[in-house]
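I opened this notebook page to record what I looked up around the ligand and among the cysteines.

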Amino acid sequence: MIPLPRETLMSDIANAVGVCERCRLHEGRINAVPGEGDLDSPVVLVGEAPGRREDESGRPFVGSAGKLLDAALEQVGLTRSRVYITNVVKCRPPGNRRPRSDEVASCTLFLDEQLAILAPRVVAPMGNSALRHVFGRFGLGRAVIGEVHGRPHPVAFGWGEGVVFPLYHPAAILYNRDLETELHADLEAMVALLGSVSP
Ligand code: URA
């Protein structure tokens, strides 16, 4: 059997996400937000859930947190077109509340499939919601972002060796400007690591 191209597999997932009714979040969505970016990128950034702008546009990280993320990536010489960006939960929780555990449990099959198709060397959960899922999924146990950010956590992914590299969520900077310096330093460390693990 000839394997299907990544583009096809990823657009099949996007289509499935777009019609998904596995949890209550589909009831309020304008658009599901499957994710976007470079399918060949060695790094996948994982946020929590879409907000209002993302729901309106169907694209991840296009609101105020997205602007901070874009700026932070550019400062370290990365652009969003060179990474893949997605979320743990693909539909906007009402009022931008945290996704509930049953919503995360219903949705993460999509993220898990996306990761298996993209097969990145680095998975970077941004913030505690993404960290909880990614650490759990790859057997890294429980942690909080303040304790584990900015360091590579080696794992055997289903598709090969790699690292989980936790980052502060860009929206955290909106509430605590000191974290901007931390995010910048963490992204620099991640870029240095990418230089050493990229083919
Ligand atoms: N916050 C997230 O976690 N994801 C988005 O897509 C936008 C804001």
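For sorting residues I count Ala, Val, Leu, Ile, Met, Phe, Trp, Tyr, Cys and Pro as nonpolar, Asp, Glu, Lys and Arg as charged, and the others, Gly among them, as polar. The model is predicted, with local features needing pLDDT of at least 70 and side-chain atom pairs counting only at pLDDT 80 or more, while totals for chains, interfaces and linings use all residues. Residues are numbered from 1 along each chain as its sequence is written, and side-chain values use heavy atoms, with hydrogens and water left out.

Ligand entry. I listed the residues around the ligand (a heavy atom within 4 Å of it) and found Gly 47, Glu 48, Ala 49, Glu 54, Pro 60, Phe 61, Asn 87 and His 169. This shell divides into three nonpolar, three polar and two charged residues.

I then looked up polar contacts (pairs of N or O atoms within 3.5 Å). A backbone N or O atom of Ala 49 is 3.0 Å from a ligand nitrogen, and a polar side-chain atom of Asn 87 is 2.8 Å from a nitrogen atom of the ligand. On the oxygen side, a polar side-chain atom of His 169 lies 2.8 Å from an oxygen atom of the ligand.

Cysteine entry. I searched the whole structure for disulfides (cysteine sulfur atoms within 2.5 Å) and noted zero. For Cys 20, the nearest cysteine sulfur belongs to Cys 107, 6.3 Å away; Cys 20 is buried (under 20% relative accessible area, 1.4 Å probe, protein chains only) at 14%. For Cys 23, the nearest cysteine sulfur is also that of Cys 107, at 6.4 Å, and Cys 23 is buried at 17%.

Key:
Polar contact = N/O pair within 3.5 Å; in protein donor to acceptor, adjacent residues only side chain to side chain. Buried < 20%, exposed > 50% of the residue type's maximum accessible area, 1.4 Å probe, protein only.
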